[in-house]
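Colleague: Before I plan anything at the bench, I would like a close look at the charged side-chain pairs in this protein, with some words on the surroundings. Could you take me through them?

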Amino acid sequence: MSLLNVMCKEIGVEVGEEWLGNDGDKYKITKNGELQCWFNVARVWNTLDNEWYRRLLTGELKPIWKPKEGEGYYVPRISYYGNARYDFYYWGDNDVDNWFLRNNLIFKTEEEAIEFTNKMLEVVK
């Protein structure tokens, strides 16, 4: 396995796959190892410089996980009733799913959703 494939696997994307970053922009890593960002105004992929790779490798820039069609995901939940700290949904690429995605509220595990819920509660204390 190439170092490029190892790196992509580690951050949770595949070579050539388009992904949404935690900054709201769309990215991909090409088979040539270029980190590219989609510039919607010009409607082109632009190759980014080394500073962007540094951001990616240090975790400052992170891919937002997007479930595949029919795949389950968790979201944070704050409720007056009961102690549930997450909800569970199946991805259907609908308006609700995409709202959660745009607002960085989709998680692979219930533990991640609970951790995020607890962080939200700390902010409002």
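Modeller: Let me begin at the N terminus, where Met1 is exposed, with a relative accessible area of 76%, in a model that is predicted. Met1 lies in the segment before α1 (3-11), and together with Leu3 and Val6 it makes up a nonpolar surface patch whose accessible area is about 370 Å².

Turning to the charged pairs, the general idea is that side chains of opposite charge can pair when their charged atoms come close. Over the whole structure, the search finds six salt bridges, and several of these can be described one by one. Glu51, Arg54, Arg55 and Glu60 are joined in a network of salt bridges, and within it the closest N and O atoms of Arg54 and Glu60 are 3.1 Å apart. Glu60 counts as partly exposed, at 41% relative accessibility, and Arg54 likewise counts as partly exposed, at 35%.

The salt bridge between Arg77 and Asp87 has its closest N and O atoms 3.7 Å apart. Because Arg77 sits in the loop between β5 (72-76) and β6 (86-90), while Asp87 belongs to strand β6, this pair ties together parts that are ten residues apart in sequence. Arg77 is partly exposed at 28% relative accessibility, and Asp87 is partly exposed at 24%; since buried means under 20% relative accessible area, a value of 24% does not fall in that class.

A further salt bridge is found within one helix, where Lys119 pairs with Glu115 and the closest N and O atoms are 3.5 Å apart. Both residues belong to helix α4 (residues 110-124) and are four residues apart, which is about one turn of the helix. Lys119 is partly exposed at 48% relative accessibility, and Glu115 is partly exposed with a relative accessible area of 45%.

As for the surroundings, the model also contains an open sheet of four strands in the order β1-β2-β3-β4, with antiparallel pairing. Its edge strands are β1 (19-20) and β4 (44-47), each of which pairs on one side only. The antiparallel pairing of β1 with strand β2 (residues 26-29) runs over two bridges, and Leu20 has Lys26 in β2 as its bridge partner.

Notes: Residues numbered from 1 in each chain as written. Predicted model: local features only at pLDDT ≥ 70, side-chain atom pairs only at ≥ 80, totals over all residues. Heavy atoms only, no water. Patch = residues over 30% accessible without salt bridge, like charges linked within 9 Å, V, L, I, M, F, W, Y side chains within 5 Å. Areas by Shrake-Rupley, 256 points an atom, 1.4 Å probe, with all protein chains shown as cover. Salt bridge = Lys/Arg side-chain N within 4 Å of Asp/Glu carboxyl O. Buried < 20%, exposed > 50% of the residue type's maximum accessible area, 1.4 Å probe, protein only. Pairing = 2+ DSSP bridges.
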